[in-house]
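Dear colleague,

I am passing on to you the structure shown below. My notes on it follow, and I would be grateful if you would read them alongside the coordinates.

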Amino acid sequence: MQYLGLEFYKLKRRHVFLTVLALFLAETFFILYSAYRSAARGGTAADLPWENLLMQIALLNGLFCPFTLAVAASRVCDVEHKGDTWKLLSCCSERMSSLYSAKFACCMILTAAAQAIQYFLYAGYGFAAKYPGAFPAEKFLASYAGTMLINVGVLAVQEFFSMAVANQSAALVAGLFGSFLGFAGALFPDSVRRIFIWGYYTELAQARTVEINGKWTLAPVAVNWEFLAGVFIAGLLIYGIGKHRFAQKEL
Amino acid sequence: MEKAIATKGLSKEYSGVFRVKDLDLQIRQGEVYGFLGPNGAGKSTTMKMILGLVRPTRGSVELFGQRLTEKSRIDILRQTGSLIESPAYYGHLTGMENMRIIQKLMDLPEKNIRKALSIVRLDNQRNKKVKYYSLGMKQRLGIAMALARFPKLLVLDEPTNGLDPAGIEEIRELICSLPAQYGMTVMISSHILSEIDRMATAAGIINKGELVFQGSMEELRAKSSHSIVMRVRSREKAAGLLSDYSPKMTPEGELAFEHVSDDAVARINSRLVENGIPVFRIEERRKSLEEIFLDLTGKAAAL
């Protein structure tokens, strides 16, 4: 906890939370604008607006989450690269493995907080727009929790890059690559999309467009928690490898 | 007296080449130990091994009688402060905020960080962001961070780099005062002999990863024994005549005699004159510390 507190202290004047929040708010704007347009057009999206909203969230999370996580990890890790503080911290009794964990937790807290604000805004918009039917709290919670599980995997990859390479453009390129796969992955067959950790955000759509009697509508789809647990475990493995490798590194 | 640092056979190999080889350092408590060597001699690597930042290929390090291992490292380092290579800092934070990080990491009282900043004369600049500090100020901040814990052992790798002459003098005075004022042992590296000469009570000289001298500064200075140099006609004939004094031929065409008394010089002169060999000049030469350093490290080594 002491090291985690220090990580937040080091971010003073870096505006990391504001940067992360700004990126997620941009996503929120796109999603809500799209939901508004869909509702205005009428049809299925207007009949099932909550389901439509959750689907948009899943799709756009695939685009925004990988890059935003890359930015967060890069900003959090870069403070050490810039001042070459590794030796200083190591000589001040801070274990490198603890530093790795603290940075991971710090990034997760920042993104989880920013995304919690996002989900409140989505729900608030639904209520304000008087969406019909009961608020699907369970589905929203599943969407948020599932996103966090995938975030763990994606962040593990980003932290690995950001800690290993001083030049953060490499980590940001990895983030952009992840964003491409996260967004465009929806167009790939499931078997291809599921190879990549970034492709799982669309698993949280909880609805899919189907044709019934010549009419397009949204059919509910249950979240496959086994897949998400798999991504989470893969993330923990990548995190563990990165942490071990970093702790063994000579300074 | 208990050793502050003792290494045994300390070696580090990179890509099949030993950067440090079989180093047996002995640094006593309360000493200011100057660690000298040309650039690339292995000083920083040695210091990193002493602090556990780099794992030795072989050999061991003991600090205050405790063997440095992965497990014991954190406990042992609680007694040390260090500045390795360049000063480390968070540029977007102020000097005081940088010190706060050290305070929180090491769980230090407020007075320690204020005192450390005051010692390096940064208290007036403590609220300025470090990225706006000059190199010398960053160096001072690095020293303040190393001092914050008022450790038993201070390891400083070329701490006067980037300082102006006045700053160098201040740091020199500070380092000299640490053993008496705070009971610290200081290990300080440099490639500038005169700097070490004015600060250290003992020295180790490393060259190409090997220790070529270790001892007190008096022992090092004792190596600067004088020699008598004579310029004579027929140097070879004179050398034969004085073979019992083991003269050496200098590249400048002179005869050099080492460890000879004044009486012996008089006798040598008389013998030459009596044998019809004119003596043009007799002079005493003393090796400077720089010459000793160059002798020990090889003349080709860059200072």
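Is A:C77 buried or exposed? The model is a predicted one, and in it A:C77 has a relative accessible area of 0%, so this cysteine is buried.

**Cysteines**

Over all chains, the number of disulfides is 0. Two cysteines of chain A illustrate why. For A:C77, the closest cysteine sulfur belongs to A:C107 and lies 5.9 Å away, which is too far for a bond because a disulfide requires the sulfur atoms to be within 2.5 Å. For A:C65, the closest cysteine sulfur is also in A:C107, at 14 Å, and is again too far for a bond. The relative accessibility of A:C65 is 0%, so A:C65 counts as buried.

**Cavities**

The model contains 3 cavities of 30 Å³ or more. The largest has a volume of about 110 Å³. Its lining draws on both chains: A:K87, A:L88 and A:C91 are among the residues from chain A, while those from chain B include B:L53, B:I84, B:P87 and B:G142. Three elements each supply at least two residues of this lining, namely α5 (86-91) of chain A, and β7 (80-83) and α5 (135-147) of chain B. Of these, α5(A) gives the most, with 3 residues. By class, the lining of the largest cavity comprises 8 nonpolar residues, 3 polar and 1 charged.

The second largest cavity holds about 90 Å³ of space. The elements that contribute two or more residues to its lining are α5 of chain A, together with β7 and α5 of chain B. Here the largest share, 3 residues, comes from β7(B). The residues around this cavity include A:L88, A:C91 and A:C92 from chain A, and B:T80, B:M106 and B:R149 from chain B. They divide into 6 nonpolar, 3 polar and 1 charged. A:L88, A:C91, B:S82 and B:M145 appear in the lining of the largest cavity and also in that of the second largest.

**Aromatic rings**

Over all chains, there are 22 aromatic pairs. One of them joins A:F135 and A:F140, whose ring centres are 4.9 Å apart; their planes meet at 45°, so the pair is tilted, this class covering angles that are neither under 30 degrees nor over 60. The two partners can also be described by their accessibility. A:F140, at 5% relative accessibility, counts as buried, whereas A:F135, at 29%, counts as partly exposed. Both belong to one aromatic cluster of chain A, whose other members are A:W50, A:Y119, A:Y122, A:Y125, A:F127, A:Y131 and A:Y144.

In chain B, two lysines are placed over phenylalanine rings. B:K152 lies over the face of B:F64, at 4.3 Å from the ring centre. The charged end of B:K21 sits over the ring of B:F18, 5.8 Å from its centre.

**A loop residue in chain A**

A:T202 is found in the loop that runs between α9 (190-193) and β1 (207-212) of chain A. Its relative accessible area is 16%, and A:T202 is therefore buried, the limit being under 20%. A:T202 and A:V231 are separated by 29 residues in sequence, and their C-alpha atoms are 13 Å apart in space.

With kind regards

Note on methods. Residues are numbered from 1 along each chain as its sequence is written. Chains are lettered from A and ligands numbered from 1 in the order in which they are written. This is a predicted model: local features need pLDDT of at least 70, side-chain atom pairs count only at pLDDT 80 or more; totals for chains, interfaces and linings use all residues. Side-chain values use heavy atoms; hydrogens and water are left out. Rings of Phe, Tyr and Trp (its six-membered ring) pair if their centres lie within 6.5 Å; planes under 30 degrees apart count as stacked, over 60 as edge-to-face and the rest as tilted. Buried means under 20% relative accessible area, exposed over 50%, partly exposed in between (1.4 Å probe, protein chains only). A charge sits over a ring if NZ of Lys or CZ of Arg is within 6 Å of the ring centre and within 35 degrees of the ring normal. On a 1 Å grid over the protein atoms alone, a cavity is a set of points where a 1.4 Å probe fits but cannot get out, and a pocket is an open set with protein on both sides within 12 Å along at least five of seven lines; lining residues have an atom within 4 Å of a point. Grid points are joined across faces, edges and corners, and a volume is the space filled by probe spheres set on the points. Helices (H or I, at least four residues) and strands (E, at least two) are DSSP runs, numbered from the N terminus. Ala, Val, Leu, Ile, Met, Phe, Trp, Tyr, Cys and Pro count as nonpolar, Asp, Glu, Lys and Arg as charged, and the others, Gly among them, as polar.
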